[in-house]
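I opened my notebook to record what I looked up, going from a pair of helices to a single residue and then to the core.

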Amino acid sequence: MKTYSLHPESIRNLFDNVAPTYDFLNHLLSLGRDFYWRRRAVQELNGLGGRILDMATGTGDVAIEIIRQDGYRKKVFGLDFSQPMIQRARQKVLEKHLSQTITLSLGDALSLPFRDNTFDASLMAFGLRNIVKKEQALSEMVRVLKNDGRVIILEFTFPRKGWMRRLYPIYFQRVLPRVGGFISGDRGAYSYLPESVFHFPSAENYERILKNVGLAQVRSQSLTGGVASIISGIKRSR
Ligand SMILES: C[S@@+](CC[C@H](N)C(=O)[O-])C[C@H]1O[C@@H](n2cnc3c(N)ncnc32)[C@H](O)[C@@H]1O
């Protein structure tokens with residue numbers, strides 16, 4: 001079994017390897033909730049128009065959801081460092097005839113190929129926990145954002161109470177690695193996922209990092225009993 005660690009090369013390898021089955025497994029293993037989580041995160045844009053950055057776009061589902069919700073006022077830029085993931089995104093964008101509104105590029109979240117004050121909002125769904133230098137990635141998101149622009153993070157979090165808290169470890173440690181490993185052929189990749197969530201568990205942690213990079217009005221909301229959370233903040237001029 002391949003083993004993966006929280007190191008950029010290792011993370012890139014992981015996503016290169018799981019890219020062909022990523023979408024199918026996402027929908028299966030989240031029992032279809034991932035559609036709802038992304039929809040809710042994109043709703044946080046609150047009708048904001050202009051240019052939107054989708055960091056760690058993967059196979060492009062957030063970028064596509066942005067256009068689906070209110071496309072005619074937006075231009076979306078998706079960026080990811082895994083060639084096979086972005087290739088899948090490109091196929092989907094072409095199939096949906098969205099090439100005019102969604103631009104996809106290969107790049108590193110730690111050093112964005114965009115000028116300061118370019119975007120009206122930047123989102124990142126299920127990407128931050130895979131990045132070691134979280135503050136650097138968030139600082140880059142803030143740098144390329146215009147004043148009053150919004151940062152929106154969607155991430156897995158560890159449920160704090162209720163039956164989800166009891167069910168979560170069983171599902172994540174026993175069911176998910178087996179099913180994910182069987183279908184993707186990469187058991188290591190789907191063993192890494194629960195570890196990454198257990199090591200970085202709470203929405204409060206994410207809130208603290210967003211505040212550390214200077215964002216204002218930082219808040220979070222939990223989804224599906226706390227399995228996932230949306231954490232957001234606003235860039236204010238200093
Ligand atoms: C779990 S996937 C999420 C993809 C997509 N946002 C979604 O909602 O399905 C995480 C993505 O983050 C990307 N990623 C991780 N670290 C990155 C980095 N430093 N720069 C760019 N992309 C990165 C991976 O290649 C992968 O496609």
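**A helix pair, a loop residue and two cores**

I began with two helices of this predicted model, and I found that helix α2 (residues 22-29) and helix α7 (residues 162-184) pack at an angle of about 150°, with their axes 11 Å apart. Since angles over 145 degrees count as roughly antiparallel, α2 is roughly antiparallel to α7. I also noted that the crossing of α2 past α7 is right-handed.

Next I asked which residues make the contact. From α2 they are F24, L25, L28 and L29, while α7 brings Y171, L176, V179, G180, I183 and S184. When I sorted the residues of this contact of α2 with α7 by kind, I had eight nonpolar, two polar and no charged.

I then turned to S30, which I located in the loop between α2 and α3 (33-43). Is S30 buried or exposed? Its relative accessible area is 11%, and because buried means under 20%, S30 counts as buried. Leaving aside neighbours within four places in sequence, I listed L25, W37 and Y171 as the contacts of S30.

W37 came up again when I looked at the largest nonpolar core, which has 46 residues: W37, L45, I66, I102, L123, L154 and F156 are the ones that touch the most other members. Helix α4 (residues 61-70) gives the most to this core, with five residues. For I102, again without neighbours within four places in sequence, I wrote down contacts with A63, I64, I67, V76 and V93. My last entry is a second, separate core of 27 residues, with L53, L128, V144 and V151 among them.

Methods:
Residues numbered from 1 in each chain as written. Predicted model: local features only at pLDDT ≥ 70, side-chain atom pairs only at ≥ 80, totals over all residues. Heavy atoms only, no water. Core = buried A, V, L, I, M, F, W, Y, C linked by side-chain atoms within 4.5 Å. Buried < 20%, exposed > 50% of the residue type's maximum accessible area, 1.4 Å probe, protein only. Helix = DSSP H or I, 4+ residues; strand = E, 2+ residues; numbered from the N terminus. Contact = heavy atoms within 4.5 Å. Axes fitted to C-alpha atoms, helices over the stretch in contact; angles between N-to-C directions. Parallel < 35°, antiparallel > 145°, perpendicular 65-115°, else oblique. Left-handed = near helix turned anticlockwise from the far one by under 90°. Nonpolar A, V, L, I, M, F, W, Y, C, P; charged D, E, K, R; others polar.
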